[in-house]
Amino acid sequence: MSFLPKQFPIHAFQEALVSWFKLEQRDLPWRKDQDPYKVWVSEIMLQQTKVDTVIPYFYRFLDKFPTPESLANADEQEVLKAWEGLGYYSRARNLQSAVKEVMENYGGKVPNNPKELGNLKGVGPYTKGAILSIAFGQPEPAVDGNVMRVFSRIFKVEEDIAKPKTRKIHEDLVRSVISKEDPSAFNQGLMELGALICKPRNPDCLLCPVQEYCMAYEQGLEDILPIKTKAKSQRVEPYAALLIKNERNEVLVQKRPEKGLLANLYEFPMASLKDLDLTTIPNWFYGEYGLHIDIIQKETVVKHVFSHLTWELDAYSATVQSGKLDVGPATFCSLKDLELLPFPVSHQKLLPFVKTLLT
């Protein structure tokens, strides 16, 4: 089934979108040139993160790792530290892994072949399309949530955008109407339109450069489309985060496992409050870590929402009374050493309380 009307004025649509983009585009650092590495870094950062948040990270990351070679040769902990605060840390690990492959197999040059580029770790269909179109001028679709929202309205696609098969519908639509002369401006125009005009709620249809081609606007469906089923409710996991100081004025931290959620990042020890409470945590902690601790007081509460779950952290300060640390990934760190370690956002929020504890 084709959603593209037979008499759709493709060329006029292209002209309207590209002209609007060139006139109204935001001044973003990754648009200064079309360097494939910079485009790649920006697209990975922009996944699930707002533009305003990404800008300072992009500058710092490129200042620290200006070339594929510098990123490939960097220590992973240094990369994670530069990424600290952006979340979804597997993006940074996959980016570095893929850049190493670029150095080894492609002489440090980002491949412009769709198959080779798509085989790199962490480069999905959207990222591949964005790099090929923006950096290499190839008419490849780059379909994300913004683009599916825009095209759902323009072409009245009433398929659920939460389903994988709907992405294929939109990729086919983009491939049918993308500008062959300027695919970079066309794809970026769609992204920009979704970000600035064709918003999820209350779209600014009167300001839209392609309003006359939009079936949803014509039929009064702009507030109904796109159709998207709601995600399942997230599970909540309550923890006690323990800020434990020893006699040398150091705090206990531990490195998370190499795989899984927040892999290789550092955290303060956490005790699940599903099975424990303040009276049983010290005994549990001795069994797990080999240290007797005294809990002093509750310092703060941190709530952190992941894509699939929510952490609720009750942070408590504590002191070591006796025992010997008996956990490999855990170690005591000075305040100065803490500044070098990459922490997830949830535990970054605890650092001010740790600094108070150690000073």
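# Exercises on a predicted protein chain

Helix H2 (residues 36–46) packs against helix H3 (residues 51–64) at an angle of about 140°, and their axes lie 10 Å apart. The model is predicted: local features need pLDDT of at least 70, side-chain atom pairs count only at pLDDT 80 or more, and totals for chains, interfaces and linings use all residues. Residues are numbered from 1 along each chain as its sequence is written, and side-chain values use heavy atoms, with hydrogens and water left out.

**Exercise 1.** Describe the packing of H2 and H3 by orientation, handedness and residue class.

*Solution.*
Step 1. Axes are lines fitted to C-alpha atoms, for helices over the stretch in contact, and angles run from 0 to 180 degrees between N-to-C directions. The helices are DSSP runs (H or I, at least four residues), as strands are (E, at least two), numbered from the N terminus.
Step 2. The angle of about 140° makes H2 oblique to H3. The classes are roughly parallel under 35 degrees, roughly antiparallel over 145, roughly perpendicular from 65 to 115, and oblique for the rest.
Step 3. The crossing of H2 and H3 is right-handed; in this convention the near helix is turned clockwise from the far one by less than a right angle, and anticlockwise for left-handed.
Step 4. Tyr37, Lys38, Val41, Ser42, Met45 and Leu46 of H2 meet Val51, Val54, Tyr57, Phe58, Phe61 and Leu62 of H3, where contact means heavy atoms within 4.5 Å.
Step 5. Sorted by class, the contact of H2 with H3 comprises 10 nonpolar, 1 polar and 1 charged residues. Nonpolar covers Ala, Val, Leu, Ile, Met, Phe, Trp, Tyr, Cys and Pro; charged covers Asp, Glu, Lys and Arg; the others, Gly among them, are polar.

**Exercise 2.** Carry out the corresponding analysis for helices H5 and H6.

*Solution.*
Step 1. H5 (residues 76–83) and H6 (residues 90–105) pack at about 135°, with axes 10 Å apart.
Step 2. H5 is therefore oblique to H6, and the crossing is right-handed.
Step 3. From H5, Glu76, Val79, Leu80 and Trp83 meet Arg91, Ala92, Arg93, Leu95 and Gln96 of H6.
Step 4. The class count for this contact is 5 nonpolar, 1 polar and 3 charged residues.

**Exercise 3.** Determine the location, burial and contacts of Ile131 and Gln138.

*Solution.*
Step 1. Ile131 lies in helix H8, whereas Gln138 is in the loop between helix H8 (125–134) and helix H9 (145–154).
Step 2. Ile131 is buried, because its relative accessible area is 0%. Gln138 also counts as buried, at 19%. The cut-offs are under 20% relative accessible area for buried, over 50% for exposed, and in between for partly exposed (1.4 Å probe, protein chains only).
Step 3. Leaving out residues up to four places away in sequence, Ile131 touches Val39, Trp40, Val110, Leu117 and Phe136. With its neighbours within four places set aside, Gln138 contacts Asn112, Pro114, Leu132, Ser133 and Pro183.
Step 4. The C-alpha atoms of Ile131 and Tyr37 are 8.7 Å apart, at 94 residues along the chain.

**Exercise 4.** Characterise Leu335 in the same manner.

*Solution.*
Step 1. Leu335 belongs to helix H14 (residues 335–338).
Step 2. Its relative accessibility of 26% means that Leu335 counts as partly exposed.
Step 3. Not counting residues up to four places away in sequence, Leu335 touches Lys355, Leu358 and Thr359; the C-alpha atoms of Leu335 and Thr359 are separated by 8.9 Å.
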